[in-house]
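User: I would like a close look at a single part of this protein, with its surroundings taken into account. Please take one helix and explain how it sits in the chain.

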Amino acid sequence: SHGAPLCILVSAGQIVPTLAKLILFGLQDIFSVENVYSSRRDGKLKCFRAIKGRFGPGSRFVAIGDGREERQAARTMGWPFIHIELDIRSEENVLSLTPKRVVEALNEEREPNGRTSTEYLPRA
């Protein structure tokens, strides 16, 4: 049995401005301070490795983002990746992200190269 899901934020920005944005947007109850990482100095892959090390091999992860760096880091880690667009007019915008979509990504079978049979990328 798995524990309750935990939200972890990896930002390309600096920690203090990122925390301020979380408060500004009312997200401080979703992302606790100890679960906010900055990839500004070391990159997303190093942050993802640190997170996996912190939570152990029995934990499962889904990376959600809009950039190539997090997509590649997720693939390297063998984690599902859900691509979102920040433009709310896009069909794959951040508002379309649902818990069901995250669970589907977690349940995808992983191939040896880290890809899933369905990469969650924008629809053409």
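Analyst: The account below begins with the chain as a whole and then turns to helix 3 and its surroundings.

The model is predicted, with a mean pLDDT of 82 for the protein chain and 81% of its residues at 70 or more. Over residues 116-124, however, the pLDDT is below 50, although this stretch has 24 contacts in the model beyond near neighbours in sequence. Where pLDDT is low, detail in the predicted coordinates should not be relied upon.

The protein chain has four helices and four strands, which follow the order β-α-β-α-β-α-β-α from the N terminus. Of its 124 residues, 30% count as buried. Among contacts with a separation of 6 or more, 49% join residues 24 or more positions apart.

Helix 3 spans residues 68-77, and its buried residues are Glu70, Ala73, Ala74 and Met77. Viewed down the helix axis, these buried residues fall within an arc of 100 degrees, so they line one face of helix 3. The cover over them includes helix 2 (44-55), strand 3 (63-65) and strand 4 (81-83). Just after helix 3, Gly78 adopts a positive phi of about 80 degrees.

Three of these names, Ala73, Ala74 and Met77, recur in the largest nonpolar core, which has twelve residues in all. Its other members include Val10, Tyr37, Cys47, Phe48, Ile51 and Trp79. Helix 2 and helix 3 are the elements that give two or more residues to this core. In soluble globular proteins, nonpolar side chains tend to be buried together.

Phe48 offers a view of helix 3 from the other side. Leaving aside residues up to four places away in sequence, Phe48 touches Glu70, Ala73, Ala74 and Met77, which are the buried residues of helix 3. Phe48 also touches Val10, Ala63 and Trp79.

A further feature of the chain is its largest pocket, which holds about 2,000 Å³ of space. Of the 46 residues that line this pocket, Cys7, Ile8, Leu9, Phe31 and Ile64 are the closest to its centre. The elements that give two or more residues to the lining are strand 1 (9-11), helix 1 (15-24), helix 2, strand 3 and helix 4 (99-107). Helix 2 and strand 3 thus appear both in this lining and in what covers the buried residues of helix 3.

Conventions. Residues numbered from 1 in each chain as written. Heavy atoms only, no water. Buried < 20%, exposed > 50% of the residue type's maximum accessible area, 1.4 Å probe, protein only. Arc of directions from axis to C-beta. Contact = heavy atoms within 4.5 Å. pLDDT = per-residue confidence, 0-100. Core = buried A, V, L, I, M, F, W, Y, C linked by side-chain atoms within 4.5 Å. 1 Å grid on protein atoms, 1.4 Å probe; cavity = no way out; pocket = protein on both sides within 12 Å on 5 of 7 lines; lining within 4 Å. Points joined across faces, edges and corners; volume = space filled by probe spheres on them.
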